[in-house]
Amino acid sequence: MKQSTIQYKLVMAGTGLFLCFFLVIHLLGNLQLLLSPAEAKEQFNWYSHLLAGNMGIKIISWVLLISIIAHAVYALILALKTKKANGTKYAYDKRADVSPWTSRNMGLLGTVILVFLVIHLKDFWYVSDFTTMTLDKQGYKDMYSVVVLTFHEWWYVLIYEVSFIAVGFHLLHGFFSAARTLGLYHPKYVKLVRYTGWVYTAFITGGFMLIPIVVYFNN
């Protein structure tokens, strides 16, 4: 069991780090939405068209989807294995005294993120690839208008913000967990790993949470 658990954790670490890299690229592309409305529309629609027409990007998108599924499935398997291994329930559980809230609630955080991903993919990926969309003056699919209309719904912005708070907690714990699994959480580098994890998490969550708020009030 120990060997299989290590293998599962390696898969979790590998897929998690790939998803971390993807989030950086995704955020850098979405930051174009912070430009003035006219410029943002032109830039974002061009960017979306570039991604949609690039075979390499399509392959990466399928790898991404597989990574998300693998990450979720292996997380569930690990949770079940851990629960089975623990077996006995103690009358007085002191885990809350020695482990952070995030590590004890990764399942809850992961569920929130998974539900958000389904909604997010339906509202953007599905609309872009499987529906007929209006075109902008350049002849590109007008994804910018779809984003603006979506982010003008206060309830969607609220769901988005709450979901990225969950993403932030998930990223922070996952980053440190992956570092331990890959043997990078050495006392010699622990401060660097912690600093990198916090900076990365703040950049990703802060950037994604800023975008819908700016779009909601400025468009």
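Here are some worked exercises on the structure shown above.

This is a predicted model, in which local features need pLDDT of at least 70, side-chain atom pairs count only at pLDDT 80 or more, and totals for chains, interfaces and linings use all residues. Residues are numbered from 1 along each chain as its sequence is written, and side-chain values use heavy atoms, with hydrogens and water left out.

**Exercise 1. The overall fold**

Task: Describe the secondary structure, burial and surface of the chain.

Solution:

Step 1. Begin with the elements, where helices (H or I, at least four residues) and strands (E, at least two) are DSSP runs numbered from the N terminus. The chain has nine helices and zero strands, and the order from the N terminus reads α-α-α-α-α-α-α-α-α.

Step 2. Next comes burial, with buried meaning under 20% relative accessible area, exposed over 50%, and partly exposed in between (1.4 Å probe, protein chains only). Of the 219 residues in the chain, 35% are buried.

Step 3. Now the surface, using accessible areas from the Shrake-Rupley method with a 1.4 Å probe, where for residues only the protein chains shown count as cover. The chain has about 13,900 Å² of accessible surface, and carbon and sulfur atoms account for 69% of that.

Step 4. Finish with contacts (heavy atoms within 4.5 Å). If you take the contacts between residues at least 6 apart in sequence, 73% of them join residues at least 24 apart.

**Exercise 2. Two helices that meet**

Task: Work out how helix H2 is oriented against helix H7, and which residues make the contact.

Solution:

Step 1. Axes are lines fitted to C-alpha atoms, for helices over the stretch in contact, and angles run from 0 to 180 degrees between N-to-C directions. The axes of H2 (residues 37-52) and H7 (residues 143-150) come within 8 Å and cross at roughly 120 degrees.

Step 2. Classify the angle: under 35 degrees is roughly parallel, over 145 roughly antiparallel, 65 to 115 roughly perpendicular, and the rest oblique. H2 is therefore oblique to H7.

Step 3. List the partners. H2 brings Pro-37, Ala-40, Lys-41, Phe-44, Asn-45 and Ser-48, while H7 brings Met-143, Tyr-144, Ser-145 and Val-147.

Step 4. Look at one more residue of H2, Gln-43. Gln-43 is partly exposed at 32% relative accessibility, and its C-alpha is 9.0 Å from that of Tyr-144, although the two are 101 residues apart in sequence. Leaving out residues up to four places away in sequence, Gln-43 touches Gln-32 and Leu-35.

**Exercise 3. Pairing charges**

Task: Find the salt bridges and say how accessible each partner is.

Solution:

Step 1. Recall that side chains of opposite charge can pair when their charged atoms come close. The criterion is a side-chain nitrogen of Lys or Arg within 4 Å of a carboxyl oxygen of Asp or Glu, and the structure holds two such bridges.

Step 2. One joins Asp-142 and Lys-41, at 3.5 Å from N to O. This pair links distant parts of the chain, since Asp-142 sits in the loop between H6 and H7 and Lys-41 in helix H2, 101 residues apart. Asp-142 is buried at 6% relative accessibility, whereas Lys-41 is partly exposed at 30%.

Step 3. Asp-123 and Lys-122 also meet in a salt bridge, at 2.7 Å from N to O. Asp-123 is buried, with a relative accessible area of 16%, and Lys-122 is partly exposed at 49%.

**Exercise 4. A nonpolar patch**

Task: Identify the residues of the nonpolar surface patch and the elements that supply two or more of them.

Solution:

Step 1. Patches use residues with over 30% relative accessible area and no salt bridge, joining like charges within 9 Å and nonpolar side chains (Val, Leu, Ile, Met, Phe, Trp, Tyr) within 5 Å.

Step 2. The members are Trp-62, Leu-65, Ile-69, Val-73, Leu-121, Trp-125, Tyr-126 and Phe-130, with about 780 Å² of accessible area together.

Step 3. Helix H3 (55-86) and helix H6 (106-130) each give two or more residues to the patch.

Step 4. Take Val-73 as a check: this residue of H3 is partly exposed, with a relative accessible area of 39%.

Step 5. For contrast, Ser-128 of H6 is buried at 12%. Beyond residues up to four places away in sequence, Ser-128 touches Met-133, Lys-141 and Met-143.
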